[in-house]
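Open the model in your viewer and keep the selection tool at hand. The stops below say what to select and what is there.

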Amino acid sequence: MASDSTPQPPCESPKPSSPSENTTLTDCDNDYLRLRSLLLGDEFEDVLKQQLQDRSGIERVSAIISEAIALRSAQDDSMGKTLAPLVNTAIERSIERNPSRITDVIFPILGPAIRKAVAAALSNMVQTLNTLLEQSLSPRALSWRINAWRSGMTYAQYVIARTVLYRVEQVFLIHRDTGLLIHSIAAEGITAEDPDLVSAMLTAISDFVSDSFVNASADSLDGIRVGELSVLIAAGPSAVLALAIQGTPTDDVRSQLDACCEDIHRVFNSLLKEFNGDRDSLLSVDPYLQQCLLSQSKDDLPEKGRPWFGLIIVGLVVIGVMIKSISWFLIERDVNSFTHFISQLPGFVLIREELQGNQLSVHVLQENGRPPLTDSFSAEQYKYIDIHVEATPIHIGELPNNDPTANELREKIIDSINKTALYFQPKSDVFTEHSLAALSDLMGLIARLRESIKQDQTMDIQVMVLGFADPTGSRSVNEKVSQLRADRVRELLMENGMADDAVIAWGVGSRDLKHVPASEQRRVQLFVKAYRINRENI
């Protein structure tokens, strides 16, 4: 028998005729709400909270949470972005509460790293010391000492510069936008650190420099140096090429780095722009990175050409100075020998000598009847100087003993005249006031002496006037002033009756008399000689 009732169709949500109908509840929604109200009543919210706090519910969530995190992480990176601030905050708070804890955690990493660095430094130091000891007494060491002196460096600095290698140990290609490592290579025999870690550190340092300094925001870091380790960096539009170098690189390394970075961007430009972390797509950059694995010893550098022209000039100057010094020594030797010879020669008195180059001019007083001075020596004896002699004849002889009383009087007068000095104003032939008073007394003595000589027809006198100067002026000035002073006194003697040929005036110049005041060095002194006349020659 057929039933009168027909089956009810399931609740269907009516299709909205307009957008505004989306906010209205469907019939099924209303039925679900009525059912929840009949079963739970008004305590629905409290029951829901109780279920969430139930231990069994937490256990059910913990059983699937790791799989849920893994599944979500595989879909996108939203989980990492969400957890990163929480993890950073947790680490910071942990360090603030217990700083020693983080030290204990990383100690197993720091200890081996420090020991390895110290061992490497000691090994390099021992190797350098061994090289120094091996080379210290070799011909190369002597050459290095000379070159170090020429370059203004210490010997140790020069040896290190000559023996220590520079070597590119690692090459890194890093994506510029993401900081991800694209590819890296290491030199043979080098135990490379984690390339990804090095790449991340370089990126962090570069970002720090760009963010910390306003002027550097438009530029990129081009190098880092710590001790003997340096990192050269070449930044392109899409990638950064970095070289880890031990030692001091030359300019050629920088040039090769820039050229390699340009070649990589030219060949792999599209792949670099589309790089998404897949390193396999850029494995073909390896040959380009291999070109940057450079190494070179300072000994391998080409020797600079010797500055032969400069060496020749210096050599000629040294030879010229040596020749000049030897010539000066030989000239001085001959001058000293000749002046000593005159001082030992009887009948001659050396008044002055003057040397210009190898030309020696001497002024002497020559006793009457003596042969010329030039007859007493030969030019071959003094071959390094040319000698010019200017001799002034004087009468030198003993007083006659005809009248002992008259002779004693003449000797007293002559002694008084010889002890008299006339002083002058500085740089002139003007007498001082004291000398003007003494001048009249001097002329009186000269007159008395001439009167005494007239009474004896067998005698005559000769007066030598010597002028002096103080050492304040030059040699030529002093000689000129002293000659003017001597001529001044000679003129006064001739005005008082002395014959022209009986008075000789000579300017001596300055004599180094440190114990005599300058005012007393500006003087004229007279030296009178009485001699017997040889009547056979009259």
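Start at the hairpin of β1 and β2. In this predicted model, 5 residues lie between the two strands of that hairpin, and Gly 179 has a positive phi near 80° there.

**Strand β1 and its partners**

Select residues 166-175, which make up strand β1. Of its 10 residues, 9 are buried, so the strand is largely enclosed by the rest of the structure.

Which strands pair with β1? Add residues 181-186 to the selection: this is β2, which is antiparallel to β1 and joined to it over 5 bridges. To see one position in this pairing, show Val 171 in β1, which stands opposite Ile 185 in β2.

Next select residues 239-246, strand β5. The pairing of β5 with β1 is antiparallel as well and runs over 8 bridges. Show Phe 172 here and look across to Ala 242, its bridge partner in β5.

Then select residues 295-296, strand β6. β6 runs antiparallel to β1 and is joined to it by 2 bridges. Arg 167 has Ser 295 of β6 as its bridge partner.

**The aromatic cluster around Phe 338**

Leave the strands and select residues 308-344, helix α13. Show the side chains of Phe 338 and Phe 341, both in this helix and 3 residues apart, about one turn. How exposed is each of them? Phe 338 is buried, at 0% relative accessible area, whereas Phe 341 is partly exposed, at 23%. The limit for calling a residue buried is under 20%, so the 23% of Phe 341 places it in the partly exposed class.

Now add Phe 377 to the view. The rings of Phe 338 and Phe 377 form an edge-to-face pair, with 4.9 Å between centres and 70° between planes. Why does this pair deserve a stop? Phe 338 belongs to helix α13, while Phe 377 is in the loop between β8 (359-367) and β9 (386-394), so the pair ties together parts 39 residues apart in sequence. Phe 338 and Phe 377 are both buried.

Finish this stop by adding Tyr 382. Together with Phe 338, Phe 341 and Phe 377, Tyr 382 belongs to one aromatic cluster. For the model as a whole, the count of aromatic pairs is 7. One of them is that of Phe 338 and Phe 341, a tilted pair with centres 6.3 Å apart and planes at 35°.

**A charge over a ring**

Select Phe 468 and Arg 523. Where does Arg 523 sit relative to the ring? Arg 523 lies over the face of Phe 468, 4.1 Å from the ring centre.

**Three salt bridges**

The model has 9 salt bridges by count; three of them can be visited as follows.

- Select Arg 72 and Asp 76. Their side chains form a salt bridge, 3.7 Å from N to O. Arg 72 is partly exposed at 37% relative accessibility, and Asp 76 is partly exposed at 33%.
- Select Arg 333 and Asp 334. The closest N and O atoms of this salt bridge are 3.7 Å apart. Arg 333 is partly exposed, with a relative accessible area of 42%, but Asp 334 is buried, at 5%.
- Select Lys 419 and Asp 415. These side chains meet in a salt bridge at 3.1 Å, N to O. Lys 419 is exposed, with 64% relative accessible area, while Asp 415 is partly exposed at 35%.

**The whole chain**

Clear the selection and zoom out. How many helices and strands does the chain have? There are 17 helices and 13 strands.

Colour the residues by accessibility. Of the 538 residues in the chain, 29% are buried. Switch on the surface: the accessible area of the chain is about 36000 Å², and carbon and sulfur atoms account for 56% of it.

A last item concerns contacts along the sequence. If contacts in the chain are taken between residues at least 6 apart in sequence, 63% of them join residues at least 24 apart.

Terms used:
Residues are numbered from 1 along each chain as its sequence is written. Side-chain values use heavy atoms; hydrogens and water are left out. Rings of Phe, Tyr and Trp (its six-membered ring) pair if their centres lie within 6.5 Å; planes under 30 degrees apart count as stacked, over 60 as edge-to-face and the rest as tilted. Helices (H or I, at least four residues) and strands (E, at least two) are DSSP runs, numbered from the N terminus. Buried means under 20% relative accessible area, exposed over 50%, partly exposed in between (1.4 Å probe, protein chains only). A charge sits over a ring if NZ of Lys or CZ of Arg is within 6 Å of the ring centre and within 35 degrees of the ring normal. Two strands pair if DSSP finds at least two bridges between them. A salt bridge is a side-chain nitrogen of Lys or Arg within 4 Å of a carboxyl oxygen of Asp or Glu. Contact means heavy atoms within 4.5 Å. Accessible areas come from the Shrake-Rupley method with a 1.4 Å probe; for residues, only the protein chains shown count as cover.
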